[in-house]
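Visitor: I am new to this structure. Please show it, and then I will ask how its descriptions are justified.

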Amino acid sequence: MYGEWPVTEQQHAPEPGLENLLSEERRFPPPPDLAAHANATSDLYAWANADRPAFWAEQARTLLTWSTPFSTGLDWSNPPFATWFADGELNAAYNAVDRHVEAGLGDRVAIHFEGEPGDTRTLTYADLQREVSRAANALTALGVGTGDRVAVYLPMIPEAVITMLACARIGAPHSVVFGGFSAEALYSRILDAEAKVVVTADGGYRRGAPAALKPAVDEALAKGPTTVGHVLVVRRTGQDTAWTQGRDVWWHDVVDTASDQHTPVPVNAEHPLFILYTSGTTGKPKGILHTTGGYLTQAAFTHLNVFDLKPETDVYWCTADVGWITGHSYVAYGPLVNGATQVIYEGTPDTPDRGRWWSIIEKYKVSILYTAPTAIRSCMKWGEQWPAAHDLSSLRVLGSVGEPINPEAWIWYRSTIGGDRAPIVDTWWQTETGAIMISPLPGVTTTKPGSAQVPLPGIAADVIDDETHSVPNGSGGYLVITEPWPSMLRGIWGDPDRYVDTYWSRFKGIYFAGDGAKKDEDGDIWLLGRVDDVMNVSGHRLSTTEIESALVSHEWVAEAAVVGASDETTGQAVVAFVILRGDAAGAALPADEVAAQLRAHVAKAIGPIAKPRQILVVPELPKTRSGKIMRRLLRDVAEHRVVGDATTLADSSVMDLIAAGLAAPKA
Ligand code: WTA
């Protein structure tokens, strides 16, 4: 099963002191040679501001190929339910693959695949067209029709992208589930989406060894009745695999033998392209729904302009897994719609050694790298000798995504990886936004370490206070999006009310992202992290409530409270406080053993990524008189700070009890 980034000792990552960060020498103008030939120029902002829907309609027309041109742009007559280009028809896979082949680019490499053991595969756009067509024919033969959902639980191998595109080709929304999620998490997602087929693999390579995947699918489907008729299995590792006759089919039996001719099914611009589950503030993950035309427009526009992609010459590499939105928009869709050549790497950055990423960049002459601050901080810790041993001079644009990047990591990324040459684009967005929303443009923006800076052309974002007023420069508040955008989520699968409640109710008619942010003196935006009960661990979203539910589902646990504590490497780390039942067997065990068992339990319920870094057994939890757990105080404890104002507690001695319990020697 997939592991997480190495979780290490904790240290509070200081919230950036704005004064220090805004000093003149910490500004980096765009490189003149890049600016001279950049895809995006500063006049885009004015053009987009003049008429946002018209700007996006123009992007949709120029970046995509439509089988039926649209005549309507944005329809915002029934907010917060938007449609974009609703009377147009297109096919996402045709846009990502076929049209490039038709344009004579069939021999261009679409994917350089590098397996963790060192095996490689090269897929040109013509190869991809054949593979996607075969997979589309095979899925159809397995009973998948337009509108049916397909669950995808695969390692980072070409078949992941091929499957997503094959689904898009027949108009069957995919629901990709990250391979690091447990059987239980997979099961609930299969149920919610009512998936007809699951596509998986025997396993994948991770940290130098094969890690099984199919057993989790078997376990998920054994939990109860589902709508799944078939499991399509890629042979990747050759591990022994249990087999359910009639249900399970091998990819090499049904896909490799299928016809490589297939006509893409044109769908309406608002036809669902995919569902992707993400953690919210409640226990149940939300199926974020994205549709076809608007999503592809913004994925393609941002990929082209934020990374300054030159499809003829660039080699692009996004290190995200397709199990996350970044892997959807910036591995599967954006790059391929733009005809890019990209690298896909299966494994971890430290296998066989800590220079693996840098050797991949050198080998394929990667020119655009898109990764997460957590990865950058890990590499920083491993030391400069690893990147220094490789030629990274091909890099010309660096991207960051998923969590706030601390200025130290930003500077290291720029100097050690980017040779003080390549501009950094710190891109803010979410599963819900579908594509990048706030980011510098590499040929336009003078960058500031640690700031995502400006809404992209065509995007209207603001920082507001509790009363919905835009805050003045130099102040903080809530990050909101004030106008609809093409790749916005169209809803939560099967739950329209929750969509309205979650995103559009805190500030009426305004999209609230859940993030806190500041505007500096220039009006540039600095992200300050989540203001709700969502944690961000290694750039992955986790819900405190979901982990608390997992903990209390263990028979030993009476009550649990979870907080995200600052962590030097992973941004935040999960810290859990639990009260054990008096009569529980665990109450007699040493605290370390209890913690180990409960961590394993969370891994089983959600996945290894959700395992608490630390579990503290406590006699009480701090609660207000109305019974609400005061997580703020627990965060103080978890971050080894002096505990803040506890006067609103029902019982103010609780914090002393907790502190005393923590100080006491372990049994
Ligand atoms: C956080 C990932 C600061 C933020 C694309 C957001 C960021 C959540 C940045 C969405 C950034 C993402 N700077 N914070 N550049 N990018 N975030 O849905 O808290 O997995 O709300 O999408 O990640 O996470 P998600």
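Visitor: What makes the approach of Thr427 to the ligand a polar contact?

Guide: A backbone N or O atom of Thr427 lies 2.7 Å from a nitrogen atom of the ligand. A polar contact is a pair of N or O atoms within 3.5 Å, so this pair counts. A polar side-chain atom of Arg530 lies 2.8 Å from a ligand oxygen atom, and one of Arg541 also lies 2.8 Å from an oxygen atom of the ligand. The protein covers 97% of the 520 Å² of accessible area that the ligand has on its own (Shrake-Rupley method, 1.4 Å probe).

This is a predicted model, where local features need pLDDT of at least 70 and side-chain atom pairs 80 or more, while totals for chains, interfaces and linings use all residues. Residues are numbered from 1 along each chain as its sequence is written, and side-chain values use heavy atoms, without hydrogens and water.

Visitor: Which residues come nearest to the ligand?

Guide: Of the 17 around it, they are Asp426, Thr427, Thr431, Asp515 and Arg530. A residue is near if one of its heavy atoms lies within 4 Å.

Visitor: Why is α4 called roughly perpendicular to α11?

Guide: Helix α4 (residues 52-63) and helix α11 (residues 293-306) pack at about 85°, with axes 9 Å apart. Angles of 65 to 115 degrees count as roughly perpendicular, so α4 is roughly perpendicular to α11.

Visitor: Which residues of α4 meet α11?

Guide: Phe55, Trp56, Gln59, Ala60 and Leu63 meet Thr297, Gln298, Ala300, Phe301 and Leu304 of α11, where contact means heavy atoms within 4.5 Å.

Methods
Axes are lines fitted to C-alpha atoms, for helices over the stretch in contact, and angles run from 0 to 180 degrees between N-to-C directions. Helices (H or I, at least four residues) and strands (E, at least two) are DSSP runs, numbered from the N terminus. Angles under 35 degrees count as roughly parallel, over 145 as roughly antiparallel, 65 to 115 as roughly perpendicular and the rest as oblique. A polar contact is a pair of N or O atoms within 3.5 Å; within protein, one must be able to donate a hydrogen and the other to accept it, and residues adjacent in sequence count only if both atoms are side-chain atoms.
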